[in-house]
Amino acid sequence: MRANLTVRRRHWGIVSSETAMRLADRRAAVLVTLALGASVSALASPWTPRSDALPPGLLAGLSMDAKAGDVDGDGDADLVVAMEWAPVQVLLNDGRGRFSVDPTRVPQTTHDHEEAALADLDGDDDLDLAIVSEDDRAAELWLNDGRGRFTIAAFDAASAAVGNGIIAVDVDSDGDRDLIAANADGDRLLRNDGRAGFTHDRDGLPPVEGISQDVIAGDVDGDGDADLVFGKENGARLLLNDGNGRFALAPVAQWPALADETRKVGLGDVDADGDLDVYLANTCFSRPQADAQDRLLLNDGRGRFSDATATHLPTDTQNGFHGDLHDLDGDGDLDLLSADVVFGAPQPSPVRALLNDGTGRFAAAPASLWPTTIRGPLFDSVMLDVDGDGRAELFLAMRAAPDVLLAR
């Protein structure tokens, strides 16, 4: 792992701007977004580990990214975990919330895996995988046979890039999922022909200086297409879609001038006004002079963002390598799950839960909901209903510590 340490995250279904999703994409999104309000019946219960749910010892390595979806078509939520210098793990759910691994189902490639996009890429109504790697530049495309067995396909359009992140989104409204790759050596728009044949569109994205660590998509300006927010080591940037999958850098009147070292971007309606706001997890890891304060940018509904950090977020001077928007207390608004990673510390820092008051102002969750014993170098999280009981669980992908499944 190089100095530009990569942090990855989930992409919520709530940020998709596509007007039509394929059945397989619904399968991925519904199983995850259903969990947004799934914990309502457990308001007084603390989050606690379900130690029996995950294969012992398997996920104690360098987990970087997690995705949830029904990969084998049996109606429950499975997990995909991208791991550095280890095979990508596909964890199959038995329907009762216990996961197992069958290594014969997936290619056992060992690369510097950073993130995987889970979506129907070839139009056959099952969930495929596009995976990017950083140090060894080994991007991969895995196609699903519908039963959770994956084979490697050609992926020349993404080759040789220093890959830190990837998402699947229909940028040109043609009904298939294109791919956006966030790279250290130039971001890429990979257009899909509908059958998982990808072409690098060299004119689709404007050249934007800086190392990209993250990217997320959503319709921020209300015009019906998917815009992009890149988390970069020299400041997050907003790129606006013209409706045909051609992007332009947002003008200064719409996006504040930022110079933070941003490692993670979250997108969701935190203040309940019907538009998508932006959360930025910041560090001073590669740039010691940077401000490590995380940021909250509020949208006016037309894609014009203002910095509400001073009034809406607690002060934070540590390395924010992770941040996701989840409804942690079941009250219908989006809370924050974040983690400050201190390398070389005698024990991991607590994973932090910040609760939303409904207007986008966040404060620390009480220990009765989120115990301080939940610790670890958290690099990603995903909320899902693993056992079909209508209540949410949380999967925490840890780096250099065992991954955790939490329930209430």
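**The largest pocket and selected residues of the predicted model**

The largest pocket encloses about 290 Å³ of space. The structure described here is a predicted model. The lining of this pocket is made up of 20 residues, and those lying nearest its centre are Gly186, Asp187, Arg188, Pro206 and Pro207. Several strands take part in the lining of the largest pocket: at least two residues come from each of strand E12 (188-192), strand E13 (198-201), strand E15 (227-232) and strand E16 (237-241). By chemical character, the lining consists of 8 nonpolar, 5 polar and 7 charged residues.

The protein chain as a whole provides the setting for this pocket. Its secondary structure amounts to 2 helices and 28 strands. The chain has 408 residues, of which 62% count as buried. When contacts between residues at least 6 apart in sequence are considered, 56% of them join residues at least 24 apart. The surface exposed by the protein chain comes to about 14200 Å², and 53% of that area is supplied by carbon and sulfur atoms.

Two residues with polar side-chain atoms were examined within strands. Lys67 is placed in strand E2 (residues 63-69). The relative accessible area of Lys67 is 6%, and this residue is therefore classed as buried, the cut-off being under 20%. The side chain of Lys67 forms a polar contact with the side chain of Glu115, at 2.9 Å. In addition, the Lys67 side chain reaches the backbone oxygen of Ala116, at a distance of 3.0 Å.

Asn356 belongs to strand E24 (residues 351-356). With a relative accessible area of 5%, Asn356 is likewise buried. Its side chain is linked to the backbone in two places. The side chain of Asn356 reaches the backbone oxygen of Val270 at 2.8 Å, and a polar atom of the Asn356 side chain lies 2.8 Å from the backbone nitrogen of Gly358. Once neighbours within four places in sequence are set aside, the residues in contact with Asn356 are Val270, Asp331, Asp333, Leu334, Asp335, Arg361 and Phe362. Val270 thus appears both in this set of contacts and as the residue whose backbone oxygen is reached by the Asn356 side chain.

Attention then turned to residues in loops. Ala160 is found in the loop between strand E9 (150-153) and strand E10 (163-169). The phi angle of Ala160 is near 70°, a positive value in a residue that is not glycine. The relative accessible area of Ala160 is 45%, and the residue is partly exposed. Ala196, in the loop between E12 and E13, also has a positive phi, of about 70°, without being a glycine. Ala196 is buried, however, with a relative accessible area of 9%. The two strands that flank the loop of Ala196 are among those that supply residues to the lining of the largest pocket.

A further loop residue, Asp135, lies between strand E7 (128-133) and strand E8 (140-144). Asp135 has a relative accessibility of 27% and counts as partly exposed. Along the chain, Asp135 and Gly163 are 28 residues apart, while their C-alpha atoms are separated by 8.1 Å.

Methods:
Residues are numbered from 1 along each chain as its sequence is written. This is a predicted model: local features need pLDDT of at least 70, side-chain atom pairs count only at pLDDT 80 or more; totals for chains, interfaces and linings use all residues. Side-chain values use heavy atoms; hydrogens and water are left out. On a 1 Å grid over the protein atoms alone, a cavity is a set of points where a 1.4 Å probe fits but cannot get out, and a pocket is an open set with protein on both sides within 12 Å along at least five of seven lines; lining residues have an atom within 4 Å of a point. Grid points are joined across faces, edges and corners, and a volume is the space filled by probe spheres set on the points. Helices (H or I, at least four residues) and strands (E, at least two) are DSSP runs, numbered from the N terminus. Ala, Val, Leu, Ile, Met, Phe, Trp, Tyr, Cys and Pro count as nonpolar, Asp, Glu, Lys and Arg as charged, and the others, Gly among them, as polar. Buried means under 20% relative accessible area, exposed over 50%, partly exposed in between (1.4 Å probe, protein chains only). A polar contact is a pair of N or O atoms within 3.5 Å; within protein, one must be able to donate a hydrogen and the other to accept it, and residues adjacent in sequence count only if both atoms are side-chain atoms. Contact means heavy atoms within 4.5 Å. Accessible areas come from the Shrake-Rupley method with a 1.4 Å probe; for residues, only the protein chains shown count as cover.
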